[in-house]
Amino acid sequence: MSPEQIISSLPKEKIESMIQDLNSGQFKSVLRAGGLQTKVPSACVLQKARRRIWSRRILEGLEENKQGIAGELIYQWLLNHRRQMLVDYLNGLNIKHVRGETEETFTKTIPEEKLIKEALQLMDRYDPKDVAIYTLFLDHHQESTVYSTNIKITGALRSETALSSD
């Protein structure tokens, strides 16, 4: 599943929540990834107003399916706001990592049953939707289909109030 497909499967409320978790630097990184403007009008001095403008731009970029924006949103959100979940998952699989980040392509070396079992156990400790976002993003980056073929994982992601229907 591509990052765009992951995002388009999420309820709008979840996407908005992910965006609101971002700090200024993360907002700008997501906007730049989508080729969107990071500057705000000079009269806009309050951080709350800046965040509102940046949020609107990101949502519009997602709706327009701007290349790169969905992947960067997921990446920034996972690494900066769900890092412990990543650490716990990789520790559970005995994967070498640095604070939840790894270069190892483990979805091709660890049996699928073990990957799925650990992901489902992670859903007991974290929001299942967050785990689904993470594991499906792993599928994309590791060019695998381990998680995207599991109905419990894809089911945790899907909702009737998605941003767009794919």
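The legends below describe close-up views of a predicted model.

Residues are numbered from 1 along each chain as its sequence is written. Because the model is predicted, local features need pLDDT of at least 70 and side-chain atom pairs count only at pLDDT 80 or more, while totals for chains, interfaces and linings use all residues, and side-chain values use heavy atoms, with hydrogens and water left out.

**View 1. Helix 4 and the helices around it.**
Helix 4 covers residues 47-63; helices here are DSSP runs (H or I, at least four residues), numbered from the N terminus. From its first C-alpha to its last, this 17-residue helix reaches 24 Å, close to the expected 24 Å, a span defined as 1.5 Å times one less than the number of residues. Buried residues of helix 4 include Ala49, Arg51, Trp54, Ser55, Arg57 and Gly61, where buried means under 20% relative accessible area, exposed over 50% and partly exposed in between (1.4 Å probe, protein chains only). The buried residues of helix 4 pack against helix 1 (3-9), helix 2 (12-21), helix 3 (24-33) and helix 5 (69-81). An α-helix has 3.6 residues a turn, so residues three or four places apart point the same way.

**View 2. Three buried residues of helix 4: Ile53, Ile58 and Leu59.**
Ile53 lies in helix 4 and is buried, with a relative accessible area of 14%. Beyond its neighbours within four places in sequence, Ile53 is in contact with Val40, Pro41 and Cys44, contact meaning heavy atoms within 4.5 Å. The C-alpha atoms of Ile53 and Leu78 are separated by 22 Å, with their positions 25 residues apart along the chain. Ile58 touches Ile19, Leu22, Phe27, Val30, Leu31 and Ile69, when residues up to four places away in sequence are not counted. Leu59, also a residue of helix 4, counts as buried at 14% relative accessibility. Its contacts, apart from neighbours within four places in sequence, are Ile15, Glu16 and Ile19. The C-alpha atoms of Leu59 and Ile15 are separated by 8.3 Å, although these residues are 44 residues apart along the chain.

**View 3. Gly34 in the loop between helix 3 and helix 4.**
Gly34 is buried, with a relative accessible area of 10%. Leaving out neighbours within four places in sequence, Gly34 is in contact with Lys66, Gln67 and Ile69. Its C-alpha atom and that of Glu72 are separated by 8.4 Å, and the two residues are 38 residues apart along the chain.

**View 4. Two asparagines with positive phi, Asn65 and Asn94.**
Most residues other than glycine have a negative phi, and most peptide bonds are trans. Asn65 follows helix 4 and is found in the loop between helix 4 and helix 5. Its phi is near 60°, and at 47% relative accessibility Asn65 counts as partly exposed. Asn94 follows helix 6 and is found in the loop between helix 6 and helix 7. The phi of Asn94 is about 55°, and this residue is exposed, with a relative accessible area of 66%.

**View 5. Helix 6 and its packing partners.**
Helix 6 is mostly covered, seven of its ten residues being buried. These are Arg83, Met85, Leu86, Val87, Asp88, Tyr89 and Leu90. They pack against helix 5, helix 7 (112-125) and helix 8.

**View 6. The largest nonpolar core.**
This core has 51 residues; a nonpolar core is a set of buried Ala, Val, Leu, Ile, Met, Phe, Trp, Tyr and Cys residues joined through side-chain atoms within 4.5 Å. The residues with the most contacts inside the core are Ile7, Ile58, Leu73, Tyr89, Phe106 and Tyr147.

**View 7. The largest pocket and its lining.**
The largest pocket has a volume of about 420 Å³. On a 1 Å grid over the protein atoms alone, a pocket is an open set of points where a 1.4 Å probe fits, with protein on both sides within 12 Å along at least five of seven lines, and lining residues have an atom within 4 Å of a point. The volume is the space filled by probe spheres set on the points, which are joined across faces, edges and corners. The pocket is lined by 16 residues, of which Tyr75, Glu101, Thr102, Leu138 and His141 lie nearest its centre. Helix 5, helix 6 (83-92) and helix 8 (128-141) are the elements that give two or more residues to the lining. Helix 8 provides the largest share, four residues. The lining divides into eight nonpolar, five polar and three charged residues, with Ala, Val, Leu, Ile, Met, Phe, Trp, Tyr, Cys and Pro counted as nonpolar, Asp, Glu, Lys and Arg as charged, and the others, Gly among them, as polar.
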